[in-house]
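Got the viewer open? Keep the selection box handy, and we'll hop from stop to stop together.

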Amino acid sequence: MAFVRPFGEQDVPEVAELHRRVLRANAPACNGWVQDYRNYFADVFLNDAARSSGLASLVYQREDRIAGFLGIMPRAMRFHGRPLLAAVCSQFVVDPAERGQAGLQMLKRCFEGDQDLSITDEAGDGTRKIWQWSGGATALPYSIHWIRPLRPTQAALAVGRERPWRAPLAPVLAPLARAVDAIVTRPSGRFRPTPPRGSREPLDGPALLACLSEFASACSIAPDYDARTVRWVLDRARRRVDYGPVRALLVRDDAQTVAGWFVYHARRGGAGEVLQVAAGPRHRRQVLDHLLDDAWQQGVALLSGRLEPTLAQELSENRCLLYRRGYWTLVHSKRPEIAQALQRGDAFFTRLEGEWCLRFP
Amino acid sequence: MATSQVEIAEVIERFIRREFRIIEDGASLREAHLYESGYVDSAGVVELIAFVESKFHISLDDEQVFSDAFTTISGIAGIVMTLEKMGSEVISRGHVLNK
């Protein structure tokens, strides 16, 4: 007999084994990997916020064996100023021997929960199919990504490095790529970011919280962070050292007014992943200019991020290529107006609010 | 429209073989566990449900989709047969009422 039930601490070793076997089959063998998983689950899916929200991650159990896991992270948000409890779904994994009804049953059970909104923003095509069958929908505006080469030759190398057979070529070609980039990125060249006006300064947790309170409420749906959650989110992002150091910066205009901010991973010579960029209506271009300029100064080869619908025009005008990266943002709500707000791009929902910070390190 | 459970099962088997690229090797799939045997995954179930619903003009509820019967072609054909029968009974009851 099979059934879906809440995930608990006692399930960690079995879920860890399942997760590693299905999603990380090529992970190098190392001592202490179970402890790494224990730490991860304790921090992400079994933390105080998860316990106090009443939302629990789910496992699919057949007889005495766990054959599926769906991670659920509660996220406090607001809908037209009123509290909204979102369940960010992540790490959806089903034992290959149980594929079929297990995934459907887990999602159905998840959607029956007390949350106002279920959301996932790194879903593949398979999850999209079962999500939609279970009553959910695709939020297209949040399923589009953008990419902006800063050093095009090094960018091409960085992309190639991700393919195993090209990796050995990268160190050999890197000096040549740098030389070519020095020519094609000369000042006034098309790849060189425009020198921005105004100034930028480091953005810490309290300042980010203040910015979010001021700017994000312009959207129907906005995150409702407290100081602890902001600290947690930034801390989780900073642990992704493989993506480069996190840079969080506040942008001011010439009159010293806050224009906006951005948070991104600055990987020298590689892809810089943008987690959050926000700007007031009059300062969108200026904040983007600062983001590109900062990435340029940090030696980033290309920047990549998820489309913020309010920035679509400015991204496009700044030679950012919009494309679908392979991830879908999927939503489900018992209240249609909530899902519709996301479907029309009327939500402040960036990668910082989504699954990025829930990834296994 | 298929009229017997065997015919329904044939239609479903043809669909599964075509969509999930299962080579015709003479062995019948009718009683095979579609998921444990690895023929159909979670996303495949959704395609199978959509096919069955549109082909036989029925609507499957969660109870039917998550039942043990929905793990084999014969079982699915049995569900379709039952729903088709119920549907035609509703229609004939409707005719009587309309008279």
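Start by selecting A:Pro13, which is partly exposed because 13 other C-beta atoms lie within 10 Å. On that scale, a residue is buried if 20 or more other C-beta atoms lie within 10 Å of its own, exposed if 12 or fewer, and partly exposed in between, with C-beta atoms placed from the backbone. A:Pro13 lies in helix α1 (residues 12-23) of chain A. Helices here are DSSP runs (H or I, at least four residues), strands are runs of E (at least two), and both are numbered from the N terminus. Now add A:Gln35 to the selection: A:Pro13 and A:Gln35 are 22 residues apart in sequence and 8.9 Å apart in space, C-alpha to C-alpha.

A quick word on what you're looking at: this is a predicted model, in which local features need pLDDT of at least 70 and side-chain atom pairs count only at pLDDT 80 or more, while totals for chains, interfaces and linings use all residues. Residues are numbered from 1 along each chain as its sequence is written, and chains are lettered from A and ligands numbered from 1 in the order in which they are written.

**Colour the domains of chain A**

Chain A is divided into domain 1 (2-143) and domain 2 (145-150 + 193-323), with bounds that come from an automatic or database domain assignment. Their centres, taken over C-alpha atoms, are 28 Å apart. Where they meet, domain 1 of chain A puts in ten residues and domain 2 of chain A eight; a contact means C-beta atoms, placed from the backbone, within 7 Å. Which elements give two or more residues to the side of domain 1 of chain A that touches domain 2 of chain A? Those are β3 and β4 of chain A, and β3(A) has the largest share, five residues. By class, that side of domain 1 of chain A divides into seven nonpolar, one polar and two charged residues. Nonpolar covers Ala, Val, Leu, Ile, Met, Phe, Trp, Tyr, Cys and Pro, charged covers Asp, Glu, Lys and Arg, and the others, Gly among them, are polar.

**Into the core**

Next, select A:Ile72, A:Ile221 and A:Leu342, the residues with the most contacts inside the largest nonpolar core, which has 124 residues. Such a core is a set of buried Ala, Val, Leu, Ile, Met, Phe, Trp, Tyr and Cys residues joined through C-beta atoms within 7 Å. Strand β4 (residues 82-94) of chain A gives the most to this core, eight residues. Domain 1 and domain 2 of chain A each supply at least three residues to this core. Zoom in on A:Leu342: leaving aside neighbours within four places in sequence, its contacts are A:Ala139, A:Tyr142, A:Ile221, A:Val331, A:Ala347 and A:Phe349.

**Two loops and a kink**

Most residues other than glycine have a negative phi. A:Glu63 has a positive one, near 55 degrees. Find A:Glu63 in the loop between β2 (58-62) and β3 (65-79) of chain A, where A:Glu63 is exposed, with 7 other C-beta atoms within 10 Å. Then jump to A:Arg319, whose phi is also positive, near 65 degrees. A:Arg319 sits in the loop between α11 (312-317) and β14 (321-323) of chain A and counts as partly exposed, with 13 C-beta neighbours inside 10 Å.

Where is the kink in α7(A) centred? Select A:Pro175: the kink there is about 35 degrees, taken as the angle between axes fitted to the seven residues ending at a residue and the seven starting there.

**Over to chain B**

Chain B has four helices and zero strands. Of its 99 residues, 28% count as buried. Select α2(B): its 15 residues should span 21 Å at 1.5 Å a residue, and its end C-alpha atoms are 21 Å apart, which agrees. That expected span is 1.5 Å times one less than the number of residues. Among the buried residues of α2(B) are B:Val45, B:Leu48, B:Val52 and B:Phe56. Just after α2(B) comes B:His57, with a positive phi near 55 degrees.

Last stop, the place where the chains meet: 15 residues of chain B are in contact with 16 residues of chain A. On the chain B side, α2 (42-56) and α3 (62-65) each supply at least two residues, and α2(B) has the largest share, five residues. By class, this side of chain B has nine nonpolar, three polar and three charged residues.

Key: Contact = placed C-beta atoms within 7 Å.
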